[in-house]
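Here is a short tour of one protein model. Please look at the sequence and the fold before reading on.

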Amino acid sequence: MAWDFETEPEFEKQLAWMREFVQEEITPIETLDLSHDQALAFIKPMQREVQERGLWAAHLPTDLGGMGFGQVRLGLMHEILGKTPYGPVVFGNNAPDSGNAELLAAGMEMTGQEYIRERWLQPLLDGTIRSGFSMTEPETAGSDPRLLKTRATKDGDEWVLNGHKWYTTNGSVADILVVMAVTNPDVHPYQGSSMFVVPVDSPGVDIVRDVGSMDDPDNHYGRFGNHAEIRYVDVRVPGENLIGPEG
Ligand SMILES: Cc1cc2nc3c(=O)[nH]c(=O)nc-3n(C[C@H](O)[C@H](O)[C@H](O)COP(=O)(O)OP(=O)(O)OC[C@H]3O[C@@H](n4cnc5c(N)ncnc54)[C@H](O)[C@@H]3O)c2cc1C
């Protein structure tokens with residue numbers, strides 16, 4: 001049986017362009033010590049170039065506003081983009097925004113919450129807002145989400161969140177946080193947690209600091225790629241900020 005590992009010539013041309021673009025335009029930014037705003041000033045024009053070439057937001061299907069490239073072409077792209085921390089941002093498919101967009105899309109499809117598209121999904125795809133994914137907690141083993149302690153309780157039409165998180169990547173530069181919290185401690189843990197969209201400017205959201213990591217022990221607060229410690233104290237969000245069904 002023959003296995004064909006060839007890439008379509010048209011896409012191969014795009015990959016060749018990406019290699020050069022990453023090498024010549026994106027990688028040199030790494031050498032600069034940039035604030036968040038300075039980084040954006042470099043990144044924005046490059047993002048426009050990527051959009052014009054039809055390579056923007058390759059991770060989502062076309063009906064959800066992405067390029068619908070599928071996993072193989074996405075993998076080939078990331079072999080190139082992953083060489084520099086700014087690569088995925090310039091191409092509009094960086095974590096955690098890409099995973100959060102997928103979560104939001106899944107929630108929308110499961111429950112028909114069409115407002116999700118206009119409110120958060122499209123702005124994420126357009127790169128006009130940024131997100132964090134807030135699951136890991138300092139007091140429990142992050143390897144095991146069954147141990148999550150952060151709680152969300154229903155109060156009328158709202159959810160009230162209380163908890164302590166860390167390693168929320170991009171939390172200190174985000175506009176929205178996707179927070180994972182226990183909504184029902186009495187069922188099997190696989191069914192007891194839910195995810196919520198929490199705008200960072202909600203009262204009770206306290207971005208405590210950016211936690212140092214092995215690759216960046218002395219980080220500067222509020223930059224791309226940092227990992228935030230966050231306290232959620234009586235944070236209220238409307239019922240519609242629950243992504244998909246409860247549990
Ligand atoms: C750079 C970076 C970015 C991150 N970004 C995010 C993010 O955006 N959002 C987010 O929510 N989290 C994020 N995380 C957190 C990440 O998901 C956790 O670090 C990971 O899940 C491991 O959890 P932990 O650090 O609590 O380690 P622990 O779970 O405490 O594990 C410590 C050690 O104990 C072992 N261990 C744990 N439980 C068991 C067990 N039951 N049996 C045997 N061995 C065990 C583990 O294998 C490991 O060796 C990030 C982490 C890093 C380093």
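## A helix and its cover

The buried residues of α3 are covered by elements that include α1 (9-26) and α4 (87-90). Contact here means C-beta atoms, placed from the backbone, within 7 Å. Helices (H or I, at least four residues) and strands (E, at least two) are DSSP runs, numbered from the N terminus.

This is a predicted model: local features need pLDDT of at least 70, side-chain atom pairs count only at pLDDT 80 or more, and totals for chains, interfaces and linings use all residues. Residues are numbered from 1 along each chain as its sequence is written.

In α3, M77, I80 and L81 are buried. They fall within an arc of 90 degrees seen down the axis of α3, so they line one face of the helix. The arc is that of the directions from the helix axis to the C-beta atoms. The face turned away from the buried side of α3 carries the exposed residues Q71, V72, G75 and E79. Buried means 20 or more other C-beta atoms within 10 Å of a residue's own, exposed 12 or fewer, and partly exposed in between, with C-beta atoms placed from the backbone.

## Unusual backbone angles

Most residues other than glycine have a negative phi, and most peptide bonds are trans. Two residues have a positive phi without being glycine.

| Residue | Phi | Place |
|---|---|---|
| N170 | about 65 degrees | loop between β3 and β4 (176-182) |
| D234 | near 50 degrees | strand β7 (residues 227-238) |

N170 counts as buried, with 24 C-beta neighbours inside 10 Å. D234 is exposed, with 10 other C-beta atoms within 10 Å.

How values were computed:
Contact = placed C-beta atoms within 7 Å.
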